[in-house]
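Colleague: I'm new to this one. Could you walk me through it, a question at a time?

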Amino acid sequence: MDSGAGESSAADDYESLMSTTDAELLKTAWRNEKAAPEILNFAADLVQRSRQQIQLMEEMVDDYINDGVDPLTVSLYQIDLDRTMFLLRSYLRTRLQKIEKYVFHIQKTAEEWNRLSKQEQKFASRFAGDIKNHLDQSVLSRLPDQYQSHLRQSAASEEDDMVPEPQLDSYVVCRSKKYLGTYQLDDGGEELINIEVDDMYALPYKAIKPLVESGQVDLV
């Protein structure tokens, strides 16, 4: 097989993949996940495509090195590879950190549980079980019966007041992707804001949560 033809084919495949907006979409998903106080929907299709791109880039860089392609060219492709790997790893790591912090809240909230991938759900179940067992063995089993719950301070508590929850009222910085006009920030209709395209705003996450979920605004 002609190495030049193989090299051209690999480059064409790479350019075809990178001609999509996946690199920017991954960056946006990463930024949104890092800025949002709660865990967001898992970007399954985007993650799968990014993994395919990484595999293709790795193979192409190896081929270029073996074929003696100009080191500067190899370096440029390696930079693209490293950037994509960083974004993907950081995106997944950020989600795992949120799962670890809010695992009991996520487990009891069907909406948030369904935002996890199958692998994340397995991790969350194992992690929650390990934490519960550790608390039972090291602390809770030595306390009076009414204080042995890992979810509530005592049997008299009406809610799971020992479970950390995301602070949805915290402020986030966001940028609108299109003109949205007058937007209502509160249930009473007293707080209104005019949202312009590409403008940045510091707003309570809870107020713009639907806009983030629908992809109309991005967190910064």
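Modeller: Happy to, and please keep in mind that this is a predicted model. Let's start with the two faces of strand β1.

Colleague: Which residues make up the covered face of β1?

Modeller: In a regular strand the side chains alternate between the two faces of the sheet. In β1, Tyr171, Val173 and Arg175 belong to the uncovered face. The covered face is made of Val172, Cys174 and Ser176.

Colleague: In what order do the strands of the open sheet stand?

Modeller: Strands of a sheet pair through backbone hydrogen bonds, either parallel or antiparallel. Here three strands form the open sheet, and their pairing is antiparallel. β4 (200-204) and β5 (217-219) stand at the edges with a single partner strand each, so one side of each is left without a neighbour in the sheet. From one strand to the next the twist averages 40°, and the order is β4-β1-β5.

Colleague: Over how many bridges do β1 and β4 pair?

Modeller: Strand β1 covers residues 171-176, and with β5 it pairs over three bridges. With β4 the sense is antiparallel as well, and valine 172 stands opposite leucine 203 there. The number of bridges between β1 and β4 is five.

Colleague: Which residue in β5 stands opposite arginine 175?

Modeller: β1 and β5 pair in the antiparallel sense. Along this pairing, serine 176 stands opposite valine 217. Opposite arginine 175 stands aspartate 218.

Colleague: And the whole chain: what pattern does it follow along the sequence?

Modeller: The protein chain has seven helices and five strands. Of its 220 residues, 36% count as buried. Read along the sequence, the pattern is α-α-α-α-α-α-β-β-β-β-α-β.

Colleague: How far does helix α3 reach from its first C-alpha to its last?

Modeller: Helix α3 spans residues 44-66, which makes 23 residues. At 1.5 Å a residue, the expected reach is 33 Å, and the model comes close to that. Among the buried residues of α3 are Leu46, Ile54, Met57 and Tyr64. Glycine 68, with a positive phi near 70°, follows the helix, and the reach of α3 itself is 33 Å.

Colleague: Aspartate 22 and arginine 49 form a salt bridge; which of the two counts as buried?

Modeller: The closest N and O atoms of this pair are 2.7 Å apart. The bridge links distant parts of the chain, with aspartate 22 in helix α2 (residues 22-35) and arginine 49 in helix α3, 27 residues apart. Arginine 49 has a relative accessible area of 31%, so it is partly exposed. At 5% relative accessibility, the buried partner is aspartate 22.

Colleague: Glutamate 33 also takes part in a salt bridge; what is its partner?

Modeller: The search of the whole structure finds twelve salt bridges, and in this one the N to O distance is 2.9 Å. It links helix α2 to helix α4, with the two residues 62 apart along the chain. Glutamate 33 counts as buried at 1% relative accessibility, and its partner also counts as buried, at 0%. That partner is arginine 95.

Colleague: With which residue does arginine 115 form a salt bridge at 3.8 Å?

Modeller: Arginine 115 is in the loop between α5 (110-113) and α6 (118-138), and its partner is in helix α7 (residues 205-213), 98 residues apart. Arginine 115 counts as buried at 5% relative accessibility, whereas the partner, at 45%, counts as partly exposed. Both belong to a network of salt bridges that includes Glu38, Glu111 and Lys209. The partner is glutamate 213.

Colleague: What distance separates the C-alpha atoms of lysine 34 and leucine 219?

Modeller: Lysine 34 lies in helix α2. At 49% relative accessibility, it counts as partly exposed. Along the chain, lysine 34 and leucine 219 are 185 residues apart. Their C-alpha atoms are separated by 8.7 Å.

Colleague: One last thing: which residues form a nonpolar patch on the surface?

Modeller: One member of the patch, leucine 76, lies in helix α4 (residues 71-108). Together the members have about 300 Å² of accessible area. They are Leu72, Leu76 and Ile79.

How values were computed:
Residues numbered from 1 in each chain as written. Predicted model: local features only at pLDDT ≥ 70, side-chain atom pairs only at ≥ 80, totals over all residues. Heavy atoms only, no water. Patch = residues over 30% accessible without salt bridge, like charges linked within 9 Å, V, L, I, M, F, W, Y side chains within 5 Å. Areas by Shrake-Rupley, 256 points an atom, 1.4 Å probe, with all protein chains shown as cover. Salt bridge = Lys/Arg side-chain N within 4 Å of Asp/Glu carboxyl O. Helix = DSSP H or I, 4+ residues; strand = E, 2+ residues; numbered from the N terminus. Expected span 1.5 Å × (residues − 1). Buried < 20%, exposed > 50% of the residue type's maximum accessible area, 1.4 Å probe, protein only. Pairing = 2+ DSSP bridges. Axes fitted to C-alpha atoms, helices over the stretch in contact; angles between N-to-C directions.
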